[in-house]
Amino acid sequence: MLLKALKRDKANLFLSGIFNVETGGMSVRTERFNKSTDDFTGAFRECKKCSSMDENVVFFSTCSKCLKSKENYFWLHAGDGDGVYAVFDILKTNKKHEEATCIGFMTVLFPTDEFAKPIVEHAVGNALGSPSPLKAFGFTVDLLEEFNDVAAFKSFEITRFKLEEESVFISDAEAQIDTSYAVVRVAPSSPDPVEWTMLAFSEPVGEQLGLYPNDVNPRPRILIGMDSAWLAQNGIEASMKTPEGKEAFEDWAVSGVTSCHISPMSDVAIWFNYKINEAMEKLNYAASWLLQGAIHGDSDCINELSKYSDKISDPDWVTTWAGQRLQHNFADTFKRKKKLPFVVPEASTFDQAHEGEQVTELMDVCDILSSLYSEYREDERFEEFISFNDIGLPLAYMVSSELCELTEEGVRYIKETWKLFLEELGVPDDGYEDLESLLETAES
Ligand SMILES: [Zn+2]
């Protein structure tokens, strides 16, 4: 019913991030004022007074020190226990303004290899070299129907959050500083706070996937936080009673722990988040995920940071973006010592030369080559160049006119043609935005 309503409303899913679960449980929390740190960064600074998962208490933890409560925090056993899970913004496009508003989020708790991994790889692959990489991260709700009979899932309500313009963090139940989390930004349609209802969906009892087909308690496979007013308008309410009590807790706790992965999944989650942001060309975010991985000693992240030496050699960038990744302890130490606790290998000379050649954005390169191809075909100065580059130029024209999307192979042709064109003009790549400015530079 929910899927139908989302389709009817032309709502889409946008892959916004990945989080990892190491404790068998996941949590959802809002930004909240934390009395023990005296600021709003408190959501991720677990306090000494409380535990994220109180024994024998399902979903909630209340604390007078850090102000955890039903209104800003809950945990839930995550599908098959530990793993890496994808989070989507649920976006509704407003026809009048053609703007998308976020009316909720969805987390899909299917096993990592079956869901999160193929989705991320698919999106990153499609975004690569695409003129509009963001499009690759959008999905229709049909996506879910490929994964067993989700329409038959039963739902129960966990709690409701009142939200102003703030962030909702989705992460492991026990948020640590090295936890990967996904963030959903709430955009209320009115000046009043909006209310989001948290609904968990599971297979009908007795038909569950995974290691424990005979579990009697529902194991959440999909978690949705959704604008309560929207749910009411569409007549959607929970179909089951909310499970509570010791039995549900123990059963879930056992399956959560036994289906744990042996090795931590945080590195995988960090890597996926890095890849997603890089493919979206959000390079500050991409580099900041690598920074988080590097701070916690992941050698792949440290090596990959050599691509971002311009950023990590800037102390202000490091402090700002470590803060963005909630690495407050690291940021504090770095501010004093101005020294990274790891050594980033220097980018190879090939990479440096390569980067130096390609400072104009790929989409601008396509537009410039496209203008050359369509407007200067009769110009004898470029006659030879145009007839020689009979693949790269038409390809750039097609991409620029949105007649086709670029493959990895295509990107190579375009880059090669671009290199030859700059050599022809005898100018370095200084980041051009259009053909006129490039020709002006060449003439001066
Ligand atoms: Zn507390």
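This is a short dialogue on how to read a predicted protein model.

Visitor: What kind of model is this, and how are its residues numbered?
Guide: Residues are numbered from 1 along each chain as its sequence is written. The model is predicted: local features need pLDDT of at least 70, side-chain atom pairs count only at pLDDT 80 or more, and totals for chains, interfaces and linings use all residues.

Visitor: What is the mean pLDDT of the protein?
Guide: First, the term: pLDDT is the predictor's confidence in each residue, from 0 to 100. Here the protein has a mean of 82. A value of 70 or more is reached by 83% of the residues.

Visitor: Where is confidence lowest, and where is it highest?
Guide: Helices (H or I, at least four residues) and strands (E, at least two) are DSSP runs, numbered from the N terminus. Helix 12 (residues 349–357) has the lowest confidence, with a mean of 43. Helix 4 (residues 228–233) has the highest, at 94. Residues 207–214 also have a pLDDT below 50. Beyond near neighbours in sequence, that stretch has 11 contacts in the model. Two residues are in contact if their C-beta atoms, placed from the backbone, lie within 7 Å. For residues 349–357, the model has 3 contacts beyond four places in sequence.

Visitor: How many helices and strands are there?
Guide: The protein has 17 helices and 11 strands. Take contacts between residues at least 6 apart in sequence: 72% of them join residues at least 24 apart.

Visitor: In what order do the 7 strands of the open sheet stand?
Guide: Start with pairing: two strands pair if DSSP finds at least two bridges between them. In this sheet the order is 6-1-4-5-11-10-7, and the pairing is antiparallel. Strand 6 (138–139) and strand 7 (154–163) are at the edges. Each has a single partner strand, so one side of each lacks a neighbour in the sheet. Helix 6 (residues 266–279) packs on the sheet and touches strand 1 and strand 4. The direction of helix 6 makes about 145° with that of strand 1. Such angles run from 0 to 180 degrees between N-to-C directions; axes are lines fitted to C-alpha atoms, for helices over the stretch in contact.

Visitor: How many bridges join strand 1 to strand 4?
Guide: Strand 1 (residues 11–21) and strand 4 (residues 83–94) run antiparallel, joined by 10 bridges. For one pair, look at I18: its bridge partner in strand 4 is A86.

Visitor: Which are the edge strands of the sheet of 4 strands?
Guide: That open sheet has the order 3-2-8-9, with antiparallel pairing. Strand 3 (73–77) and strand 9 (182–185) are its edge strands, each pairing on one side only. From one strand to the next, the twist averages 20°. Strand 8 (residues 167–172) is joined to strand 9 by 4 bridges. S167 stands opposite R185 in strand 9.

Visitor: Why does R160 count as partly exposed?
Guide: Count other C-beta atoms, placed from the backbone, within 10 Å of a residue's own: 20 or more is buried, 12 or fewer is exposed, and in between is partly exposed. R160 has 14 such neighbours, so it counts as partly exposed. R160 is in strand 7. Leaving aside neighbours within four places in sequence, R160 has contacts that include W196 and S228. Across the protein's 444 residues, 39% count as buried.

Visitor: How do helix 13 and helix 16 pack?
Guide: Helix 13 (residues 362–375) and helix 16 pack at about 65°, with axes 10 Å apart. Their crossing is left-handed. That means the near helix is turned anticlockwise from the far one by less than a right angle; clockwise would be right-handed. The contact includes L369 of helix 13 and W418 of helix 16.

Visitor: Which residues of helix 15 make the contact with helix 16?
Guide: They are G392, L393, L395 and A396. The axes of helix 15 (residues 392–400) and helix 16 (residues 408–425) come within 9 Å and cross at roughly 115°.

Visitor: What is the sign of phi at K10 and at L67?
Guide: Most residues other than glycine have a negative phi. K10 is not a glycine, yet has a positive phi of about 55°. K10 lies in the loop between helix 1 (2–8) and strand 1. L67 also has a positive phi, about 60°. L67 lies in the loop between strand 2 (25–30) and strand 3.
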